[in-house]
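Student: Please take a close look at the largest pocket and the charged pairs. I would like the cut-offs stated along the way.

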Amino acid sequence: TCCMWTTPATPAALLSYLLGPWTLTKTLTYTRGGLSGTFRGDATFIPLAGSPRVLAYEEKGKVTLEPDMESFDARHALLYRFGEAEDGDGGWRVAVFFDDGVKREPAALAASMLAGERLFHSIDIDGASTPFQPPTIGMEAEVVRGERPFNQPGMFHPCGPDVYRGRLLCTDPDLFVLDWKVEGPRKLGRIVSRFSRVPDISTDSQGRA
């Protein structure tokens, strides 16, 4: 691994960073509404047919609820589109959509696939800020306690009367954190997802040869 790694600062760099398989551990903690527990499983970012600028995200695994330790299988899917902001302000944006299972044809263009999807949130990238700046020492504890502000551009999702605010933390080449806080009359809680890159076995084997 290169010692001069830098956090992704453009949509293209973030796409390249996310691409591939990851292991995922998700902690859900609610004090009002919602279900508390943990999710453990796998996640993948793969190119969507018809566009090199769209990644299909899928996570599969098992949720264990607290306090009774009931468990069940779970799946979640999203679409990530990487490109220039549509408002023409010169910024760059990653738009994240819910993958609602629109029928997909092998030759279909990504644009037509995205047309039927609901926007989840966006991530704005501009030259004046570094939204993917790695956390400082002790950040892992702060992520859990929520002491740092949720002010990353675009990481915002209204859900009825409740509001989700999030941030993306790229901590090193093989680890990133998605940290969401939900507040409102129905729900009050935190969802922290930690992604660890799955090693490329073929590359490791060639390196040892």
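Tutor: What follows takes the pocket first, then the salt bridges, then the enclosed space. This is a predicted model, in which local features need pLDDT of at least 70 and side-chain atom pairs count only at pLDDT 80 or more, while totals for chains, interfaces and linings use all residues. Residues are numbered from 1 along each chain as its sequence is written, and side-chain values use heavy atoms, with hydrogens and water left out.

The largest pocket holds about 740 Å³ of space. On a 1 Å grid over the protein atoms alone, a pocket is an open set of points with protein on both sides within 12 Å along at least five of seven lines, and lining residues have an atom within 4 Å of a point. Grid points are joined across faces, edges and corners, and the volume is the space filled by probe spheres set on them. The lining numbers 32 residues, with K26, L28, E59, H76 and I191 nearest the centre. Strand 4 (residues 71-84) gives the largest share, six residues; strands are DSSP runs of E, at least two residues, numbered from the N terminus. By class, 21 lining residues are nonpolar, seven polar and four charged. Here Ala, Val, Leu, Ile, Met, Phe, Trp, Tyr, Cys and Pro count as nonpolar, Asp, Glu, Lys and Arg as charged, and the others, Gly among them, as polar.

Two of the central residues, K26 and E59, form a salt bridge, with the closest N and O atoms 2.7 Å apart. K26 lies in strand 1 (residues 20-32) and E59 in strand 3 (residues 54-65), so the pair ties together parts 33 residues apart in sequence. Both K26 and E59 are buried, where buried means under 20% relative accessible area, exposed over 50%, and partly exposed in between (1.4 Å probe, protein chains only). A salt bridge is a side-chain nitrogen of Lys or Arg within 4 Å of a carboxyl oxygen of Asp or Glu, and the count by this rule is nine.

Another salt bridge joins D73 to K62, at 3.1 Å between the closest N and O atoms. D73 is in strand 4 and K62 in strand 3, eleven residues apart. D73 is exposed at 62% relative accessibility, whereas K62 is partly exposed at 40%. E58, K60 and R75 are linked in a network of salt bridges.

Apart from the pocket, the structure holds one cavity of 30 Å³ or more; a cavity is a set of grid points where a 1.4 Å probe fits but cannot get out. The volume of the largest cavity is about 60 Å³.

Methods. Helix = DSSP H or I, 4+ residues; strand = E, 2+ residues; numbered from the N terminus.
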